[in-house]
Amino acid sequence: MPELESVVRPRLERRSPEYLGADPDETAAHITLLGPFAGLDDIDDGLLSELESFFADVLPFTFQLTGISEFPGGTTYLAPEPAAPFRHLTHELHRRFPEYPPYRGEFDEVIPHLSVPMPPGEDIDQLRFQLEPRLPLTAHAREASLFWWAPDASRTLATFTFGTTAA
């Protein structure tokens with residue numbers, strides 16, 4: 001979500017800079033489809049080929065980020081509308097890779113979202129003040145990326161363009 005990079009990146013820099021990739025052009029603002037996923041040792045050409053094939057059949061789609069919400073426990077996020085395409089992609093990826101349940105299977109429901117980090121000393125009212133005038137924000141899902149998230153080692157491993165085989 002490059003459209004929200006100017007909001008997410010500075011907040012992540014203040015909250016957890018160790019989870020930013022070394023490449024300053026890499027986008028931190030994202031909507032997770034399936035995570036956690038395979039470990040680095042499990043990512044090989046076969047897995048990458050399977051992901052490329054999967055996403056090649058996904059048609060690009062448009063969505064909006066419409067409002068600011070908060071999960072129990074305080075994680076702040078923006079919800080995409082419609083959520084169904086993201087939910088469908090998550091369920092289909094889990095069906096293909098059952099060993100990786102969404103969020104380790106810790107939640108009964110998949111809620112697509114774009115997390116917005118809250119640095120120490122900031123609250124949801126400050127976020128609302130900054131973001132609500134920009135909402136709803138229209139975006140286009142055209143690709144998926146495989147990220148590796150680890151302290152001081154985060155990076156994009158591969159990017160898969162949507163719709164390369166779809167008619």
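## A patch of negative charge

Let's begin at the surface of this predicted model. Six residues, D41, D42, D44, D45, E50 and E99, gather there in a patch of negative charge. One of them, E50, belongs to helix α2, which covers residues 45-56. E50 counts as partly exposed because its relative accessibility is 33%, and the range between buried and exposed runs from 20% to 50%.

## The four-stranded sheet

Next comes the sheet. It is an open one made of four strands, in the order β3-β2-β1-β4, with antiparallel pairing. Strands β3 (114-115) and β4 (137-141) stand at the edges, and each has a single partner strand, so one side of each has no neighbour in the sheet. As general background, strands of a sheet pair through backbone hydrogen bonds, either parallel or antiparallel.

Now follow strand β1, residues 61-70, through its pairings. On one side, β1 runs antiparallel to β4, and five bridges join the two. Two of the contacts are easy to look up: F61 has A141 as its bridge partner in β4, while F63 is partnered by A139 of the same strand. With strand β2 (residues 76-81), β1 pairs in the antiparallel sense over six bridges. There, E70 is found opposite T76 of β2.

β1 and β2 form a hairpin with five residues between the strands, and within this hairpin G73 takes a positive phi near 100°.

## Two faces of β4

In a regular strand the side chains alternate between the two faces of the sheet. Which residues of β4 are on its covered face, and which are on the uncovered one? L137, A139 and A141 make up the covered face, whereas T138 and H140 make up the uncovered one. Two residues of the covered face have already appeared as bridge partners: A139 pairs with F63, and A141 pairs with F61.

## Salt bridges around helix α1

Side chains of opposite charge can pair when their charged atoms come close. The structure holds six salt bridges, and several can be followed from helix α1, residues 5-15. Start with E5 and R9, whose side chains meet in a salt bridge with an N to O distance of 2.8 Å. Both residues are in α1, four residues apart, which is about one turn of the helix. E5 is buried because its relative accessible area is 14%, under the 20% cut-off. R9 is buried as well, with a relative accessible area of 13%.

Further along the helix, R11 forms a salt bridge with E122, and their closest N and O atoms are 2.5 Å apart. R11 lies in α1 and E122 in the loop between β3 and α4 (124-131), so this pair ties together parts that are 111 residues apart in sequence. R11 is buried, with a relative accessible area of 3%, while E122 is partly exposed at 22%.

E122 has another partner too: its side chain meets that of R14 in a salt bridge of 2.4 Å, N to O. This pair also links distant parts of the chain, with E122 in the loop between β3 and α4 and R14 in helix α1, 108 residues apart. R14 counts as partly exposed, at 46% relative accessibility. Taken together, R11, R14 and E122 are linked in a network of salt bridges.

## Backbone details in the loops

Where can you find cis peptide bonds? One joins G35 and P36, with omega about -5°, and P36 sits in the loop between α1 and α2. Another joins L135 and P136, with omega about 0°. P136 is placed in the loop between α4 and β4.

Finally, look at Y103 and R104. Y103 is not a glycine, yet it has a positive phi of about 55°. R104 is not a glycine either, and its phi is positive at about 60°. Y103 is in the loop between α3 (84-96) and β3, and R104 is in the loop between α3 and β3 as well. Are these residues exposed or partly exposed? Y103 counts as partly exposed, with 27% relative accessibility, whereas R104 counts as exposed, at 59%, because the cut-off for exposed is over 50%.

Notes
Residues are numbered from 1 along each chain as its sequence is written. This is a predicted model: local features need pLDDT of at least 70, side-chain atom pairs count only at pLDDT 80 or more; totals for chains, interfaces and linings use all residues. Side-chain values use heavy atoms; hydrogens and water are left out. Patches are made of residues with over 30% relative accessible area and no salt bridge: like charges are joined within 9 Å, nonpolar side chains (Val, Leu, Ile, Met, Phe, Trp, Tyr) within 5 Å. Accessible areas come from the Shrake-Rupley method with a 1.4 Å probe; for residues, only the protein chains shown count as cover. A salt bridge is a side-chain nitrogen of Lys or Arg within 4 Å of a carboxyl oxygen of Asp or Glu. Lys and Arg count as positive and Asp and Glu as negative; His and the chain ends are not counted. The place of a charge is taken as NZ of Lys, CZ of Arg, CG of Asp or CD of Glu. Buried means under 20% relative accessible area, exposed over 50%, partly exposed in between (1.4 Å probe, protein chains only). Two strands pair if DSSP finds at least two bridges between them.
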